[in-house]
Amino acid sequence: MNNFNLSDHKLSEDSVLPSKLLSMSDEDIAHDCIKNKKETSCKVLFDRFVDKIYRLAMRITKNPNDAQEVVQDSFLKIVEKYDTFRGESKFSTWVYSIASNNSFNLLRNNKNNMRTMSIDNYTPNSDNGSLSEIIDSGDWTSNPDLITNSQETLEIIDKAINELPEKNRMIFHLKDVEGLSIKEISKIMNASIPSVKTTLHRTRLYLRNILKDYLDESGEIEDEM
Amino acid sequence: MKCKDIVDNVLDYIEGHLNFNLVLKFRSHIEECPECNAFVRAYRKVIKLSKRVKEVNVIPARIKSELKATFLSKVL
């Protein structure tokens, strides 16, 4: 059963869509668009996935023009390859796979790839197993800069992620930005679940340190954001 | 449970993948260890902030409209 949240799906600007259409599953909307050629369903299909595909493509290619090309190619491929979708995974997982493949294909052709840094050997613990090297920051979670400069904080995270290899970027993006499950991510990336978890964990620890360096340490523990 | 175990298990703890006994041990440790408590809070904060990173990369409305028109013209 698909977990469908109406609030996640934005309405298109050019039509008032019946609630029945909005409550249809991704699979049913795709079928209604591609097989029944229903324009309203095609608009809903586009609206549901355009932002997700764009964000993933931006994360992989780091280039808006390339990301736009990925969006266009991905939607065409969804139509072209629709008959190959067997329903063994969620429709959204399949769409992410298409977008991911298109993005990587474009990236390989991109002559302006930025260099990335590996955190594969990132080990936060000191040799004796203590956390001193990763806990020495104290608690920065209630730092007021997190609130007043929240957009800047997000941009810091975005920039830090973009400096990592594609695998780290993609796993972080799919899990922590887009909210996919680790199981779905392992299918999209054709990677084992333990591998996805390890990469995700290292990436999060890396980001934690980036934010630690960016923010001043503060005292009281609160959850503002 | 030791501090190193907190680092190693924090992902599974937050994802709800630890068994009941390990959850109890995890919670017991972070209640007693201020450093690990701060670490787990910071780890959670990173996850919470990351959810909002989607606000950074937004496709321009004009581009979105153009891509939509192209898609509709090809599929219909």
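**Exercise 1. Find the residue that follows helix α10(A) and give the sign of its phi.**

Step 1: In this predicted model, residues are numbered from 1 along each chain as its sequence is written, chains are lettered from A in the order in which they are written, and local features need pLDDT of at least 70. Side-chain values use heavy atoms, with hydrogens and water left out.

Step 2: Go to α10(A), residues 182-189; a helix here is a DSSP run of H or I with at least four residues, numbered from the N terminus.

Step 3: Next comes N190(A), with a positive phi near 55°.

**Exercise 2. Work out which residues of α10(A) are buried and what covers them.**

Step 1: Buried means under 20% relative accessible area (1.4 Å probe, protein chains only). I182(A), E184(A), I185(A), S186(A) and I188(A) fit this.

Step 2: Look around them: the cover includes α5 (91-109), α9 and α11 of chain A, and also α1 (3-15) of chain B.

**Exercise 3. Describe the contact of chain A and chain B.**

Step 1: Contact means heavy atoms within 4.5 Å. Chain A brings 60 residues and chain B 42 residues.

Step 2: Now find the salt bridges, each a side-chain nitrogen of Lys or Arg within 4 Å of a carboxyl oxygen of Asp or Glu. The interface has five of them; in a salt bridge, D47(A) meets K68(B) at 3.1 Å, N to O.

Step 3: Finally, see which elements of chain A give two or more residues to the side touching chain B: among them are α3 (39-61) and α11 (193-214). α3(A) gives the most, twelve residues.

Conventions:
Predicted model: local features only at pLDDT ≥ 70, side-chain atom pairs only at ≥ 80, totals over all residues. Buried < 20%, exposed > 50% of the residue type's maximum accessible area, 1.4 Å probe, protein only.
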